[in-house]
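Open the model in your viewer and keep the selection box handy. We will go from stop to stop, picking a few residues each time and looking at what is there.

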Amino acid sequence: MGVTTFTHEYSSTVAPSRMFTALIIDSRNLIPKLLPQFVKDVNIIEGDGGAGSIEQVNFNEGSPFKYLKQKIDVLDKENLICKYTMIEGDPLGDKLESIAYEVKFEATNDGGCLCKMASSYKTIGDFDVKEEDVKEGRESTIGIYEVVESYLLENPQVYA
(Lines give C-alpha, C1' and ligand atoms only; values in the text may rest on other atoms or scores of the structure.)
Protein backbone atom coordinates (compact mmCIF):
# COMPACT_ATOMS: atom_id res chain seq x y z
CA MET A 1 0.00 0.00 0.00
CA GLY A 2 1.39 3.37 -1.01
CA VAL A 3 0.32 6.96 -1.46
CA THR A 4 0.92 8.95 -4.63
CA THR A 5 0.11 12.66 -4.77
CA PHE A 6 -0.54 14.84 -7.82
CA THR A 7 -1.02 18.61 -7.83
CA HIS A 8 -2.75 20.92 -10.25
CA GLU A 9 -3.67 24.60 -10.44
CA TYR A 10 -6.62 26.32 -12.08
CA SER A 11 -6.75 30.09 -12.70
CA SER A 12 -10.04 31.95 -12.72
CA THR A 13 -11.13 35.54 -13.17
CA VAL A 14 -13.81 34.96 -10.49
CA ALA A 15 -13.11 36.04 -6.90
CA PRO A 16 -11.88 33.21 -4.65
CA SER A 17 -14.76 33.51 -2.17
CA ARG A 18 -17.32 33.02 -4.95
CA MET A 19 -15.51 30.03 -6.44
CA PHE A 20 -15.13 28.46 -2.97
CA THR A 21 -18.81 28.96 -2.21
CA ALA A 22 -19.92 27.55 -5.56
CA LEU A 23 -17.53 24.58 -5.71
CA ILE A 24 -17.35 23.68 -2.02
CA ILE A 25 -20.08 25.19 0.19
CA ASP A 26 -23.04 25.02 -2.22
CA SER A 27 -21.77 22.37 -4.64
CA ARG A 28 -24.41 19.84 -3.58
CA ASN A 29 -27.05 22.22 -4.97
CA LEU A 30 -25.17 23.90 -7.82
CA ILE A 31 -23.39 20.99 -9.52
CA PRO A 32 -26.53 18.88 -10.18
CA LYS A 33 -28.20 22.07 -11.48
CA LEU A 34 -25.35 22.95 -13.86
CA LEU A 35 -24.39 19.39 -14.84
CA PRO A 36 -27.60 17.33 -14.69
CA GLN A 37 -26.37 15.10 -17.50
CA PHE A 38 -23.66 13.76 -15.16
CA VAL A 39 -24.67 14.33 -11.54
CA LYS A 40 -28.10 13.20 -10.40
CA ASP A 41 -27.84 14.54 -6.85
CA VAL A 42 -25.56 15.10 -3.88
CA ASN A 43 -26.85 14.20 -0.41
CA ILE A 44 -25.45 14.63 3.07
CA ILE A 45 -25.80 11.19 4.62
CA GLU A 46 -24.04 12.01 7.88
CA GLY A 47 -23.41 15.31 9.64
CA ASP A 48 -24.42 18.89 8.84
CA GLY A 49 -22.27 19.56 5.77
CA GLY A 50 -19.24 20.70 7.77
CA ALA A 51 -16.10 18.85 8.81
CA GLY A 52 -16.84 15.24 9.67
CA SER A 53 -19.84 15.05 7.33
CA ILE A 54 -20.21 12.40 4.65
CA GLU A 55 -21.73 13.23 1.26
CA GLN A 56 -22.94 10.81 -1.38
CA VAL A 57 -22.75 11.86 -5.02
CA ASN A 58 -25.11 9.91 -7.27
CA PHE A 59 -24.35 9.93 -10.98
CA ASN A 60 -26.80 9.64 -13.87
CA GLU A 61 -27.22 6.47 -15.88
CA GLY A 62 -24.94 7.62 -18.71
CA SER A 63 -22.01 7.94 -16.34
CA PRO A 64 -19.42 5.17 -16.00
CA PHE A 65 -19.88 5.48 -12.22
CA LYS A 66 -22.96 4.92 -10.08
CA TYR A 67 -21.96 6.80 -6.91
CA LEU A 68 -19.21 7.91 -4.57
CA LYS A 69 -19.02 8.85 -0.90
CA GLN A 70 -16.70 11.49 0.44
CA LYS A 71 -15.90 12.61 3.96
CA ILE A 72 -15.26 16.28 4.61
CA ASP A 73 -12.11 16.36 6.74
CA VAL A 74 -11.52 20.14 6.94
CA LEU A 75 -13.78 23.00 5.90
CA ASP A 76 -12.01 26.31 6.52
CA LYS A 77 -14.33 29.03 5.24
CA GLU A 78 -12.04 31.84 6.41
CA ASN A 79 -8.97 30.62 4.52
CA LEU A 80 -10.97 29.04 1.65
CA ILE A 81 -9.56 25.55 2.15
CA CYS A 82 -11.35 22.23 1.95
CA LYS A 83 -9.90 18.78 2.56
CA TYR A 84 -12.04 15.75 1.85
CA THR A 85 -11.54 12.06 1.20
CA MET A 86 -13.32 9.76 -1.23
CA ILE A 87 -13.98 6.78 1.00
CA GLU A 88 -16.31 4.62 -1.11
CA GLY A 89 -17.61 4.29 -4.62
CA ASP A 90 -17.03 3.14 -8.15
CA PRO A 91 -14.11 5.52 -8.98
CA LEU A 92 -11.97 3.72 -6.38
CA GLY A 93 -12.29 0.39 -8.18
CA ASP A 94 -10.35 -2.48 -6.68
CA LYS A 95 -6.94 -0.78 -6.67
CA LEU A 96 -7.59 2.30 -4.50
CA GLU A 97 -8.45 2.42 -0.82
CA SER A 98 -9.18 6.15 -0.85
CA ILE A 99 -8.36 9.46 -2.51
CA ALA A 100 -7.66 12.47 -0.30
CA TYR A 101 -8.15 15.91 -1.81
CA GLU A 102 -7.03 19.35 -0.69
CA VAL A 103 -8.42 22.39 -2.47
CA LYS A 104 -7.35 25.94 -1.71
CA PHE A 105 -8.54 29.16 -3.36
CA GLU A 106 -6.08 32.09 -3.31
CA ALA A 107 -6.68 35.65 -4.46
CA THR A 108 -4.76 36.95 -7.45
CA ASN A 109 -3.85 40.56 -8.24
CA ASP A 110 -6.48 40.80 -11.00
CA GLY A 111 -9.39 40.10 -8.61
CA GLY A 112 -9.62 36.47 -9.64
CA CYS A 113 -8.19 33.41 -7.99
CA LEU A 114 -5.80 30.54 -8.25
CA CYS A 115 -7.23 27.21 -7.20
CA LYS A 116 -4.55 24.84 -5.93
CA MET A 117 -5.54 21.18 -5.84
CA ALA A 118 -3.72 18.15 -4.48
CA SER A 119 -4.96 14.57 -4.83
CA SER A 120 -3.38 11.77 -2.82
CA TYR A 121 -4.18 8.25 -3.98
CA LYS A 122 -3.90 5.54 -1.32
CA THR A 123 -3.50 2.25 -3.13
CA ILE A 124 -4.29 -1.34 -2.25
CA GLY A 125 -1.38 -3.74 -2.52
CA ASP A 126 1.47 -2.94 -4.89
CA PHE A 127 -0.56 -0.90 -7.37
CA ASP A 128 1.27 2.24 -8.49
CA VAL A 129 -0.80 5.23 -9.64
CA LYS A 130 0.67 7.00 -12.66
CA GLU A 131 -0.22 10.45 -13.93
CA GLU A 132 -1.92 9.04 -17.03
CA ASP A 133 -4.18 7.00 -14.69
CA VAL A 134 -5.62 10.18 -13.17
CA LYS A 135 -5.69 12.33 -16.32
CA GLU A 136 -9.38 11.69 -17.07
CA GLY A 137 -10.46 12.55 -13.52
CA ARG A 138 -8.37 15.72 -13.51
CA GLU A 139 -9.82 16.78 -16.87
CA SER A 140 -13.39 16.22 -15.64
CA THR A 141 -12.62 18.28 -12.52
CA ILE A 142 -11.29 21.12 -14.68
CA GLY A 143 -14.42 20.83 -16.84
CA ILE A 144 -16.61 21.26 -13.73
CA TYR A 145 -14.56 24.29 -12.66
CA GLU A 146 -14.96 25.84 -16.14
CA VAL A 147 -18.75 25.32 -16.12
CA VAL A 148 -19.02 26.86 -12.64
CA GLU A 149 -16.75 29.75 -13.60
CA SER A 150 -18.88 30.50 -16.70
CA TYR A 151 -22.05 30.39 -14.60
CA LEU A 152 -20.59 32.81 -12.05
CA LEU A 153 -19.36 35.19 -14.76
CA GLU A 154 -22.83 35.18 -16.37
CA ASN A 155 -24.49 35.67 -12.96
CA PRO A 156 -22.35 38.17 -11.03
CA GLN A 157 -24.98 38.50 -8.29
CA VAL A 158 -24.69 34.81 -7.32
CA TYR A 159 -22.56 34.33 -4.16
CA ALA A 160 -21.56 38.01 -4.30
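A residue counts as buried when its relative accessible area is under 20%, as exposed when that area is over 50%, and as partly exposed in between. Please keep in mind that this is a predicted model.

**Stop 1: an aromatic pair**

Start by selecting Phe20. Its relative accessible area is 2%, so Phe20 is buried. Now add Phe105, which is likewise buried, with a relative accessible area of 2%. Two numbers are useful here, since a pair of aromatic rings is described by the distance of the centres and the angle of the planes. The model has 5 aromatic pairs. One of them is formed by Phe20 and Phe105, with 5.8 Å from centre to centre and 80° between the planes, an edge-to-face arrangement. Colour helix α1 (residues 16-25) and strand β6 as well: Phe20 lies in α1 and Phe105 in β6, so the pair ties together parts that are 85 residues apart in sequence.

**Stop 2: strand β7 and its partners**

Next, select residues 113-123, which make up strand β7. How many of its 11 residues are buried? The count is 8, so β7 is largely enclosed by the rest of the structure. Show strand β1 (residues 3-12) beside β7: the two pair in the antiparallel sense over 10 bridges. To find one of these bridges, pick Val3 and look for its partner Lys122 in β7.

Then bring in β6 (residues 96-107), which runs antiparallel to β7 and is joined to it by 11 bridges. Here Ala100 is the residue that stands opposite Ser120 of β7. Follow the chain through the hairpin of β6 and β7, where 5 residues sit between the strands, and stop at Gly111, whose phi is positive, near 90°.

**Stop 3: strand β3**

Move on to residues 54-59, strand β3, where 6 of 6 residues are buried. In a regular strand the side chains alternate between the two faces of the sheet. Turn on the side chains to see the two sets: Ile54, Gln56 and Asn58 point one way, Glu55, Val57 and Phe59 point the other way, and all of them are buried.

With β3 still selected, add β2 (residues 39-46), which pairs with β3 in the antiparallel sense over 6 bridges. Glu46 stands opposite Ile54 in β3. Strand β4 also pairs with β3, again antiparallel, over 5 bridges. There, Asn58 has Tyr67 of β4 as its bridge partner.

**Stop 4: two crossing helices**

Hide the strands and show α2 (residues 27-34) together with α3. Their axes come within 11 Å and cross at roughly 95°. The two helices are therefore roughly perpendicular to each other. For the contact itself, select Leu30, Ile31, Lys33 and Leu34 in α2, which meet Ile144, Val147, Val148 and Tyr151 in α3. Sorted by type, the residues of this contact are 7 nonpolar, no polar and 1 charged.

**Stop 5: two positive phi angles**

Finish with the backbone. Select Leu80, in the loop between β4 (67-76) and β5 (81-89). Leu80 is not a glycine, yet its phi is positive, about 55°. Is Leu80 buried or exposed? At 13% relative accessibility, Leu80 counts as buried.

The last pick is Tyr159, in the segment after α3 (131-154). Tyr159 is another residue other than glycine with a positive phi, here near 60°. With a relative accessible area of 23%, Tyr159 is partly exposed.

Definitions and conventions:
Residues numbered from 1 in each chain as written. Predicted model: local features only at pLDDT ≥ 70, side-chain atom pairs only at ≥ 80, totals over all residues. Heavy atoms only, no water. Helix = DSSP H or I, 4+ residues; strand = E, 2+ residues; numbered from the N terminus. Buried < 20%, exposed > 50% of the residue type's maximum accessible area, 1.4 Å probe, protein only. Pairing = 2+ DSSP bridges. Phe/Tyr/Trp six-rings, centres within 6.5 Å; stacked < 30°, edge-to-face > 60°. Axes fitted to C-alpha atoms, helices over the stretch in contact; angles between N-to-C directions. Parallel < 35°, antiparallel > 145°, perpendicular 65-115°, else oblique. Contact = heavy atoms within 4.5 Å. Nonpolar A, V, L, I, M, F, W, Y, C, P; charged D, E, K, R; others polar.
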